[in-house]
Amino acid sequence: MNVAPIPAVAPALLGDLPELTAPAKPVQGATSFSQLLLDGIDDVSSKKIEADKQVRSFVLDHSIPVHQVTFALEQARLSLELMVQVRSRLVESYQQLMNMQL
């Protein structure tokens with residue numbers, strides 16, 4: 001039984017890759033991680049404010065149906081719950097990074 005050697009493919013593939021020491025170029029239109037977090041917090045805040053407005057309007061003059069108020073309150077609650085979960089994961093990740101030994 002005759003086994004042929006496998007040709008070296010790695011050097012040919014590595015020739016097309018950019019330098020590993022070159023700084024990464026930012027993608028145009030990309031937002032930073034901190035900006036994404038701030039936008040998410042603003043979104044949660046605006047949903048809470050909108051739900052509060054709908055509750056006030058419902059209580060004062062019944063101009064908004066009850067199902068719309070319930071939907072707005074539930075949307076605000078779920079947004080807040082998601083934000084708390086994201087915060088918990090970020091804190092947990094930070095703690096794991098701080099506990100790593102170098």
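A pocket is an open set of grid points with protein on both sides within 12 Å along at least five of seven lines, and its lining residues have an atom within 4 Å of a point. With that idea in hand, the predicted model shown above can be explored.

The overall fold is a good place to start. The chain holds three helices and zero strands, and a reader who follows the sequence meets the pattern α-α-α. Of the 102 residues in the chain, 9% are buried. The chain exposes about 9400 Å², and carbon and sulfur atoms supply 64% of this area.

Helix α3 invites a simple check. This helix runs over residues 66-99 and has 34 residues, so at 1.5 Å a residue it should span 50 Å; the C-alpha atoms at its ends are 49 Å apart, which agrees with that expectation. The buried residues of α3 are Val-69, Ala-72, Ala-76 and Ser-79. Helix α2, residues 33-61, is included in what covers them.

The largest pocket comes next, with a volume of about 230 Å³. Helices α2 and α3 are the elements that give two or more residues to its lining. Which residues line the largest pocket? They are Leu-37, Gly-40, Ile-41, Asp-43, Val-44, Lys-47, Ser-79, Leu-82, Met-83, Val-86, Arg-87 and Leu-90. This lining divides into seven nonpolar, two polar and three charged residues. Ser-79 links the two parts of this account: it is one of the buried residues of α3 and also one of the residues that line the largest pocket.

Technical notes: Residues numbered from 1 in each chain as written. Predicted model: local features only at pLDDT ≥ 70, side-chain atom pairs only at ≥ 80, totals over all residues. Heavy atoms only, no water. Helix = DSSP H or I, 4+ residues; strand = E, 2+ residues; numbered from the N terminus. Expected span 1.5 Å × (residues − 1). Buried < 20%, exposed > 50% of the residue type's maximum accessible area, 1.4 Å probe, protein only. Contact = heavy atoms within 4.5 Å. Areas by Shrake-Rupley, 256 points an atom, 1.4 Å probe, with all protein chains shown as cover. 1 Å grid on protein atoms, 1.4 Å probe; cavity = no way out; pocket = protein on both sides within 12 Å on 5 of 7 lines; lining within 4 Å. Points joined across faces, edges and corners; volume = space filled by probe spheres on them. Nonpolar A, V, L, I, M, F, W, Y, C, P; charged D, E, K, R; others polar.
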